[in-house]
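Thank you all for coming. I would like to take a few minutes to walk through one structure, going from the overall fold down to individual side-chain pairs.

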Amino acid sequence: MHPRRITSAAVSLVMLVAFVVTGTSATAAGTVTLAPIADTFVQADRPSVNHGNSIRWSTDGRKGVWRNALLRFNVQVPAGERIASAKLRAYSESSASPTEFVDIYTTSGSWTETGVTWNNAPARGTWLGKAGGFGAGRWVEWDVTAGMGKGSGDRNFKLESNAKKWFGFKSDEYTNQALRPKLVVTTEADPTVPPPPSGDGTTAAATFNWGTPAAGDEFNYTGAPDANKWNVYNSPGHAGNGIRSPQQVTVDGSKMVINGTADGTTAGMGAKFANQKYGRWEVRAAGSGDNEYHMVSILWPDSENWPCDGEIDYAETTGDWNIINFFHHYSCENKQTTASRKLDVSQFHNYAVDWSATGIVGYVDGAEWFRDTDPAHQPPGPMHQALQLDWFPDSTTNGTGEMRVDWVRVYAAA
């Protein structure tokens, strides 16, 4: 059971990578918000000191004190898209007059957060722009589009200032996640790349030749979910909201159905099969009803050690049945990477995840829409499939909800 699982939507977007893909338009655009994978500053009068664990980074143009900041982001561009624009945003701790500026440049990746000092910091590269005239306690923005290049990979930036003044900004180590720096990237469809195959009848398994399922459930029987395959929850609801009751989930001969009542009585269940590290999972699912209900197809850690051992929500709604989300939780700080796509979730679609030693890839109807290849984001141990209809009551009138699953199929790892 997963009563401790928190809502993905409640976690600050500062810690997320969020893709919103319109799906059908040739000019489809995505919005990407990235946390830095490294950020720090270096200081001329302390030339051999590393400041990688500081809760702020800064610039300073005073002679002999000079401070420069360094940031690195890992950008993953979805297949068939290209980067259209990018903005670096940081939360200021000091103010600048209209004639005082902080300049931003490209730089090389020859630095590490816990190893860089003034003595070994990389030189600045191409000037990208400047920001000035900002107040303390405000977001400051630099347009870094010209330094993004093409495709996926790391982007490194260096910030300097000629102003004879200290300018401080919250770093990725700052306690309040909402005030940490972020890179906001807009993507667009790349007209030079043919669109990937899609359609609600296409599976990732067929598209990528995953072979015969090694485990799963076709839900081709009637009654309660197969007790040999599923642990049906009998517990308080998600975050203590409502109740998860076995009576709310049935199999009707062709699909599994979870019904959620207006008072938050709903259901969820975890698989007893395919408890493994690495593999490929695919479900055919649909949902509808009140926006207070969230449909979730998830890989949950066998250890139950959440958040440290991760969570892979490879198909989740968060209050809008016209958008599907992918939330990959990692680290004891519950950081995330995520993808969102406009989709009519009330219709059946095929949602899949391929988890291997090289990364985590998500698919909708046989088309890739999520990818995270950072080794530091890997879940440390085996996981298993879970299906949940979670209740998130709000100030609106309570209504009913439903989650429908045609089948669950698990394939061997690559």
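Let me begin with burial: of the 414 residues in the chain, 55% are buried. Please keep in mind throughout that what you see is a predicted model, and that every value I quote has been computed from it.

As for the secondary structure, the chain has 31 strands and one helix. If we ask how the overall size compares with expectation, a compact globule of 414 residues would have a radius of gyration near 22 Å, and the chain, at 23 Å, agrees with that. Along the principal axes, the C-alpha atoms fill a box of roughly 80 × 45 × 35 Å. Among contacts with a separation of 6 or more, 73% are between residues 24 or more positions apart. The surface that the chain exposes comes to about 16,200 Å², and carbon and sulfur atoms supply 50% of that area.

Let me turn now to the aromatic side chains, where the structure holds 17 aromatic pairs. One of them is formed by Y278 and W355, whose rings meet edge-to-face, with 5.4 Å from centre to centre and 75° between the planes. Which parts of the chain does this pair tie together? Y278 sits in the loop between β21 (268-271) and β22 (279-289), whereas W355 belongs to strand β27 (residues 349-356), so the pair joins parts that are 77 residues apart in sequence. The two partners also differ in burial category, because Y278, at 24% relative accessibility, counts as partly exposed, while W355, at 0%, counts as buried. Elsewhere, one aromatic cluster is made up of W57, F134, W142, F167 and F169.

Aromatic rings also have charged neighbours here. K182 lies over the face of W139, at 4.6 Å from the ring centre, and R409 lies over the face of W407, at 3.8 Å from the ring centre.

That brings me to the charged pairs, and a search of the whole structure finds 18 salt bridges. In one of these, E141 pairs with R89, and the closest N and O atoms are 2.7 Å apart. This pair links distant parts of the chain, since E141 is in strand β9 (residues 139-143) and R89 is in strand β6 (residues 81-91), 52 residues apart. Are these two partners buried or partly exposed? E141 has 36% relative accessibility and therefore counts as partly exposed, and R89, at 29%, also counts as partly exposed.

A further salt bridge connects D252 with K255, with the closest N and O atoms 2.8 Å apart; D252 counts as partly exposed, at 38% relative accessibility. In the salt bridge between E402 and R404, the closest N and O atoms are 2.6 Å apart. Here E402 is partly exposed, with a relative accessible area of 23%, whereas R404 has a relative accessible area of 12% and is buried, because the limit for that category is under 20%. Finally, there is a network as well as these pairs: R56, E93 and K170 are joined by salt bridges that share partners.

If you take one pair from each half of this talk, I would suggest the edge-to-face pair of Y278 and W355 and the salt bridge between E141 and R89. Thank you, and I am happy to go back to any of these positions on the screen.

Technical notes: Residues numbered from 1 in each chain as written. Predicted model: local features only at pLDDT ≥ 70, side-chain atom pairs only at ≥ 80, totals over all residues. Heavy atoms only, no water. Phe/Tyr/Trp six-rings, centres within 6.5 Å; stacked < 30°, edge-to-face > 60°. Helix = DSSP H or I, 4+ residues; strand = E, 2+ residues; numbered from the N terminus. Buried < 20%, exposed > 50% of the residue type's maximum accessible area, 1.4 Å probe, protein only. Lys NZ or Arg CZ within 6 Å of the ring centre and 35° of its normal. Salt bridge = Lys/Arg side-chain N within 4 Å of Asp/Glu carboxyl O. Rg over C-alpha atoms; globule rule 2.2 N^0.38 Å. Contact = heavy atoms within 4.5 Å. Areas by Shrake-Rupley, 256 points an atom, 1.4 Å probe, with all protein chains shown as cover.
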